[in-house]
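User: I've got a model open and I'd like to know what stands behind the labels people put on it. Can you take me through them one by one?

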Amino acid sequence: MTELPGRRLLLVHAHPDDESINNGATMARYAAEGAHVTLVTCTLGERGEVIPPELAHLTGEALGSHRRTELAAAMAVLGVHDFRSLGGPGRHQDSGMMGLADNDDPRCFWQADLDEAAAELVGVIREVRPQVLVTYDPDGGYGHPDHIQAHRVAMRAADLAAERDFRPDLGTPWTITKIYWNRVPRSVAEEAFARLKDVLDELPFPASAAVDDVPGVVDDNLITTEIDGTAHAAAKAAAMRAHATQIEVVEPWFALSNQLAQPIFLVEYYELVRGERGGARTGEPETDLFAGIPGIPGTSGISGTSEVNA
Ligand SMILES: [Zn+2]
């Protein structure tokens, strides 16, 4: 095996586009700093809506395969070379929105056996040996079945990967040091939507989304970690734009197929749910996902300073 970089970050997402919307700046930052960034996407978004009229004919597997090419383009922009589909492309299909008959399709991710799907991720974890895992909260951020399932699979896989007796054929046990859930502080979301209200007339979108449409919005006091991605704003916007069937970008705003305008967040926020908070002064958020992890150089994580080696 070729030697991996010292810092290794794994992100687990439900559909192509979720990674760029939630973590595009974070991924660009760590890739630029030479960390190994691995993205595992659980479905190919086979059931989502399609924005460009000229691509509206794409459905099911044809849509999934088109979205793989969009994801590849987004990853090229972010500088991320290691991106995979959970269990291989097409292994788990998009489950559609909660409550639809699509949820009962035996091939959909919502119907996947949790431990089987987790074992697929265990293989990746033991191969890449990430110190940091990023995924959604138990509600998947906003209740979509694939996002909820991605959360369950990621958390279960983190446990199983560390178990000595679980599937030795999948590699040497590995314990992930820190696990984060994607978050947006309520005050930041409210402030961004207030600004959006003032410029909505100038945008090509008919209306604004609401704070509650943003996945992972929580009270500010739950936020443990802020990654300032301002330096990677252009890369994040370009990665989102690469998902043309799902996202329309008018910087610094975007809309999904519902045409409702939303802010692009350039500071990305996290809640540390496993592992020790590192570096930051008491009461201040971490500024580095790797802060405080033993054996990793150059990650003081002291708030207010950013280590720029990109
Ligand atoms: Zn999604």
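User: Which residues does UniProt list for "binding site"?

Analyst: The unreviewed UniProt entry lists H15, D18 and H147 under "binding site". UniProt positions are in the numbering used here, feature names are shortened, and annotations may be inferred rather than shown by experiment. A word on ground rules: this is a predicted model, where local features need pLDDT of at least 70 and side-chain atom pairs count only at pLDDT 80 or more, while totals for chains, interfaces and linings use all residues. Residues are numbered from 1 along each chain as its sequence is written, and side-chain values use heavy atoms, with hydrogens and water left out.

User: What makes H15, D18 and H147 gather at one spot?

Analyst: They span 133 residues in sequence, but no two of their C-alpha atoms are more than 9.4 Å apart, so they do gather at one spot.

User: How do you know that these three are donors of the zinc ion?

Analyst: Donors are N, O and S atoms within 2.8 Å of the metal (3.2 Å for Na, K and Ca); water is not among the atoms, so sites may look incomplete. Here the protein donors are H15 (ND1), D18 (OD), D18 (OD) and H147 (NE2), at 2.1 to 2.5 Å from the zinc ion, so they meet the cut-off. Along the chain, the donor residues follow the spacing H-x2-D-x128-H.

User: Why is the arrangement around the zinc ion called irregular?

Analyst: Four donors count as tetrahedral if all angles lie between 85 and 135 degrees; four count as square planar and six as octahedral if opposite donors are over 155 degrees apart and all others between 65 and 115; anything else is irregular. The four donor atoms subtend angles of 55 to 144°, which makes this one irregular.

User: Why does H15 count as buried?

Analyst: Buried means under 20% relative accessible area, exposed over 50%, and partly exposed in between (1.4 Å probe, protein chains only). H15 has 7% relative accessibility, so it counts as buried. D18 is also at 7%, so D18 is buried, and H147, with a relative accessible area of 2%, is buried as well.

User: Where do H15 and H147 sit, and what do they touch?

Analyst: H15 is in the loop between β1 (8-13) and α1 (18-32), and H147 is in helix α4 (residues 145-162). Those labels are DSSP runs, numbered from the N terminus: helices are H or I with at least four residues, strands E with at least two. Contact means heavy atoms within 4.5 Å. Leaving out residues up to four places away in sequence, H15 touches T41, T43, G45, D94, H144, D146 and H147. On the same terms, H147 is in contact with A14, H15, D18, Y136, G140 and Y142.

User: What makes a set of residues a nonpolar core?

Analyst: It's a set of buried Ala, Val, Leu, Ile, Met, Phe, Trp, Tyr and Cys residues joined through side-chain atoms within 4.5 Å. The largest one has 31 residues, of which L10, V12, L86, F109, L121 and L133 touch the most other members. The elements giving it two or more residues are β1, α3 (114-128), α4 and β5 (178-185). Apart from it lies another core, of 27 residues, among them L9, M27, Y180 and L289.

User: Why is M155 called buried but V267 partly exposed?

Analyst: M155, in helix α4, is at 14% relative accessibility, so it counts as buried. V267, in strand β12 (residues 267-274), is at 24%, so it counts as partly exposed.

User: What makes D17 and R167 worth a look?

Analyst: Most residues other than glycine have a negative phi, and most peptide bonds are trans. D17 has a positive phi, near 105°, and R167 has one of about 40° although it is not a glycine. D17 is in the loop between β1 and α1 and is buried, with a relative accessible area of 5%. R167 lies in the loop between α4 and β5 and is partly exposed at 36%.

User: Which residues does a cis peptide bond join?

Analyst: E251 and P252, with omega about 0°. P252 is in the loop between β9 (248-250) and β10 (253-255).
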